[in-house]
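Student: I have a chain open here and would like to talk it through with you. Could you keep the cut-offs explicit as we go?

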Amino acid sequence: MEILWMVGTLLAVGLVTLFLLGARRVRLVRAGGINVALRTHLDNPRGWHLGVARYHGDEFAWYRALSLRSGPNRIIQRDGFEIDDRREPDPQELYGVPSG
């Protein structure tokens, strides 16, 4: 009986976590966010992370997709932000980068 209670508790915690992740994502997108894959380190081929980003004045605020953190995971100042080039993802990166 005790094992059933523990399994039920773990299942409930998992469902609450999934609900919170979904609610956070919906809240960010409704507030004007867009889906953005961010690469934090150029020398790491698996460095892409999915998230939602939006501008707050002169700041580019990025929120990681699988995080319950209330604030942004990264803030980049607009004057220091420049997109030099774009490329298609390598085959090993396709798992985490949406097409297009």
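Student: To start with, why does valine 7 count as exposed?

Tutor: Valine 7 counts as exposed because its relative accessibility is 51%, where exposed means over 50% relative accessible area, buried under 20% and partly exposed in between, with a 1.4 Å probe and protein chains only. Before we go on, this is a predicted model, in which local features need pLDDT of at least 70 and side-chain atom pairs count only at pLDDT 80 or more, whereas totals for chains, interfaces and linings use all residues. Residues are numbered from 1 along each chain as its sequence is written, and side-chain values use heavy atoms, with hydrogens and water left out.

Student: Where does valine 7 sit, and which surface patch does it help make?

Tutor: Valine 7 lies in helix α1, residues 2-30, and together with Ile3, Trp5 and Met6 it makes a nonpolar surface patch of about 480 Å². Helices (H or I, at least four residues) and strands (E, at least two) are DSSP runs, numbered from the N terminus. Patches are made of residues with over 30% relative accessible area and no salt bridge, with like charges joined within 9 Å and nonpolar side chains (Val, Leu, Ile, Met, Phe, Trp, Tyr) within 5 Å; a salt bridge is a side-chain nitrogen of Lys or Arg within 4 Å of a carboxyl oxygen of Asp or Glu. Areas come from the Shrake-Rupley method with a 1.4 Å probe, and for residues only the protein chains shown count as cover.

Student: And the overall layout, in what order do the elements run?

Tutor: The protein chain has 1 helix and 4 strands, running α-β-β-β-β from the N terminus on, and buried residues make up 19% of its 100 residues.

Student: Which residues form the largest nonpolar core?

Tutor: That core has 5 residues, namely Val36, Leu38, Ala53, Phe60 and Trp62, and the elements giving two or more residues to it are β1 (34-39) and β3 (59-64). A nonpolar core is a set of buried Ala, Val, Leu, Ile, Met, Phe, Trp, Tyr and Cys residues joined through side-chain atoms within 4.5 Å.

Student: Switching to strand β2, is glycine 51 buried or exposed?

Tutor: Glycine 51, which is found in strand β2, is buried because its relative accessible area is 4%. Leaving aside neighbours within four places in sequence, glycine 51 is in contact (heavy atoms within 4.5 Å) with residues including Ile34, Val36 and Trp62. The C-alpha atoms of glycine 51 and tryptophan 62 are separated by 6.7 Å, at 11 residues apart along the chain.

Student: What about arginine 54, how far is the nearest side chain of opposite charge?

Tutor: Arginine 54, in strand β2 (residues 48-56), is buried yet has no salt bridge, and the nearest side chain of opposite charge, glutamate 59, is 9.8 Å away. For charge, Lys and Arg count as positive and Asp and Glu as negative, while His and the chain ends are not counted.

Student: And glycine 57, buried or exposed?

Tutor: Glycine 57 lies in the loop between β2 and β3 and is exposed, with a relative accessible area of 56%. Its C-alpha is 9.4 Å from that of glutamine 77, which is 20 residues apart from glycine 57 in sequence.
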